[in-house]
Amino acid sequence: MNRIAVFTSGGDAPGMNACVRAVVRTALLHNVEVYGIVRAYSGMISGDFIPLDFNSVSNIIQRGGTILKSARCEEFRTSEGRAKAAAQLKKFNIDGVVAIGGDGTFTGAQIFTKEHGIPFIGCPGTIDNDLFGTDNIIGYDSALNTVIEAVDKIRDTADAHDRLFFVEVMGRDAGFIALRSGIAVGADAVLIPETETFVDSLIERLKIGKAHHKTSSIIIVAEGDDGGGAYEVARKVKEQYNYYETKVTVLGHIQRGGSPSASDRVLASILGKAAVEALLKGKKNEMADVINRKVVFTSFTKAIKHHQQINKDLLNLAESLA
Ligand code: F6P
């Protein structure tokens, strides 16, 4: 393998830059050239490739976002789009690719490798944490810290005004951010897509809180919750129970930005290095990940969406401590 490419895809996640840095520097150590593909599969189709050297990745380990930009690409879902991408990879003499992203990225990579034979290795990067086969995903820890910082601030004002806050967090159709941040902020309830939301039980919970002289409350709502998101749940609760003045905060894209946490920087560095070494060993269609502090590899098929289960013990913990 003489030349590889790296790209970042899907929703950006803090730590993606640290991963790109690790990929580039590991490849150079093995005398392998590296190209960055700008804007993921869109750039692969249009041939937006840039050579990356040691200095191209200096001073980026601490930066959020991604120097390679990211994009969601409809054209890559078509066989014509993928054929154009394969032609570009061949034109640039790319022998293997490191894809940093989430389930959509790996789904595309898997189909592409089957059709065109060019090997891909994935590094899991998405704040949603919804890939199977890894203890943690690049960006998740940083996003959690952003949520915690925001909710701690909301708690101050909720307490000052005796208010009930519904805070909506990201995660698409997965509740990992909601559940873990809910525990970390001591939320009174956590509403996630993986469990059915009953407004009546939520109201009962709020009444119990009131009986215990709680003057304010925080409910974390995952954006994909079946209750319809924070505004909708707040509306339904207010219809039946208006003891508290109710407010809604949707945290939105601040969860994706900002400097990566220490954990994300280290994880990204480990996985970037592992991905390059895996390509050199001839692996393909697998995601590099860390389980119990050891680097392991999981096939894209297993890693992609809906195999990762919510931890029931954590759910019970959130409820029992609320
Ligand atoms: O997958 C990451 C994520 O931030 C999800 O949590 C969210 O649902 C989605 O991306 C938002 O995507 P976009 O930035 O394209 O609106």
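**Exercise 1. Into which domains is the protein divided?**

The model is a predicted one, in which local features need pLDDT of at least 70 and side-chain atom pairs count only at pLDDT 80 or more, while totals for chains, interfaces and linings use all residues. Residues are numbered from 1 along each chain as its sequence is written, and side-chain values use heavy atoms, with hydrogens and water left out.

Solution. The division gives domain 1 (3-139 + 260-305) and domain 2 (140-256), with bounds that come from an automatic or database domain assignment. To the contact between them, where contact means heavy atoms within 4.5 Å, domain 1 gives 19 residues and domain 2 gives 14 residues. Their C-alpha centres are 34 Å apart.

**Exercise 2. Which residues surround the ligand, and where does it lie relative to the domains?**

Solution. Taking residues with a heavy atom within 4 Å of the ligand, one finds Arg72, Thr126, Ile127, Asp128, Met170, Gly171, Arg172, Glu223, His253 and Arg256 around it. Sorted by class, this shell holds 2 nonpolar, 3 polar and 5 charged residues, Gly being counted among the polar ones. Because domain 1 and domain 2 both contribute residues to the shell, the ligand lies between them.

**Exercise 3. Which side chains have an N or O atom 2.8 Å from an oxygen atom of the ligand?**

Solution. Considering polar contacts (pairs of N or O atoms within 3.5 Å), one finds a ligand oxygen 2.8 Å from a side-chain N or O atom of His253, and a ligand oxygen 2.8 Å from such an atom of Arg256. For Arg172, a polar backbone atom is 3.5 Å from an oxygen atom of the ligand. Taken alone, the ligand exposes 400 Å², of which the protein buries 75%, as computed by the Shrake-Rupley method with a 1.4 Å probe.

Technical notes:
Polar contact = N/O pair within 3.5 Å; in protein donor to acceptor, adjacent residues only side chain to side chain.
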